[in-house]
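User: Please take a close look at one part of this model, the packing of one pair of helices. Add what can be said about other local features once that is done.

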Amino acid sequence: MEPLAALVADRGSAEVEAFHGLVAALLEVASSAYSSRSDDETLVQCLQLLVELCESSAPLLGKHLPAVVGLAMTVGTDTQAELSSREAALEVLHWVARFKPKQFGRNKDLVRRVVSALCTMAGEPAPPDLDPDDDGTLPPAKLATQALDAVALYLPSQTIFPGVLSFAKEAMSSQQVPHREAALTSLAVICEGCAEPLRKRLKELIPLLLTGLRDADAKVRGAAAFALGWRRSSFSPTSWSTTRRCCRCCFR
């Protein structure tokens, strides 16, 4: 697919438009493989081909980009899908955000839905059969936060940050430990891409961090400390009293 895409990219708009028909066919095959629940190999191969198309400088995804992102999120957030398929799907999302940020970012409603879905997935417990010592296989929550990090890096922060903050505020009140942990981890991973809105809304974030640092569960406290570490550059010289409060929670 990559050589063909490179050849089409050097041609005119008519060839690019014709290539869009191949993208539509590829999406149809991928959707069929996903619906069958028995052909993960074909599904992963289709998703890998979509990753290759993302790298082209020509608009090879064209009008199909929303459908590509939709397929990636449907597969990636499906708790019943194979973990290999979910990982490949979120890889597509990563590359779309990286190489097609303008086209992706213009669809603000789609971006908001993606952010919401990734935040929810970040609170998904690890499958019981997942080997914690297998470094090559990541749990769904980790896949989600990696994808969220990429989306925050390459897409407009004003579209990303509000959804993550809203999720964090709600999730911190959950009785479920993975949800509270996800609230803080989600805030941590967007720090680089959303540094400016984080800095402006620091007064809203500090109570969440302090609550996390005081949480009864060690995983939540660890996530709060992780978020605090990432957010160290956001503290201004006038916020040292807040810094001291955070430190007291860390070393109590």
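Analyst: The helix pair comes first, followed by another helix, a loop residue and the cysteines.

This is a predicted model. Two packed helices are described by the angle between their axes and the distance between the axes. For helix 7 (residues 108-121) and helix 9 (residues 157-171), the angle is about 35° and the axes lie 9 Å apart. The crossing of helix 7 with helix 9 is right-handed. On the helix 7 side, the residues in contact are K108, V111, R112, V115, C119 and T120; on the helix 9 side they are T159, I160, G163, V164 and F167. Sorted by class, this contact has six nonpolar, three polar and two charged residues.

Helix 10 (residues 177-189) can be checked for its length. Its 13 residues should span 18 Å at 1.5 Å a residue, and its end C-alpha atoms are 18 Å apart, so the two values agree. The buried residues of helix 10 include R180, T185 and S186, as well as L184, L187 and V189.

R37 sits in the loop between helix 2 (13-36) and helix 3 (40-54). Most residues other than glycine have a negative phi. The phi of R37, however, is positive, near 60°. R37 has 46% relative accessibility and therefore counts as partly exposed.

As for the cysteines, the whole structure has zero disulfides. C194 is buried, at 0% relative accessibility. The closest cysteine sulfur to that of C194 belongs to C191, and because it is 8.6 Å away, it is too far for a bond. C46 is also buried, with a relative accessible area of 5%.

Key:
Residues numbered from 1 in each chain as written. Predicted model: local features only at pLDDT ≥ 70, side-chain atom pairs only at ≥ 80, totals over all residues. Heavy atoms only, no water. Helix = DSSP H or I, 4+ residues; strand = E, 2+ residues; numbered from the N terminus. Buried < 20%, exposed > 50% of the residue type's maximum accessible area, 1.4 Å probe, protein only. Expected span 1.5 Å × (residues − 1). Axes fitted to C-alpha atoms, helices over the stretch in contact; angles between N-to-C directions. Left-handed = near helix turned anticlockwise from the far one by under 90°. Contact = heavy atoms within 4.5 Å. Nonpolar A, V, L, I, M, F, W, Y, C, P; charged D, E, K, R; others polar. Disulfide = S-S within 2.5 Å.
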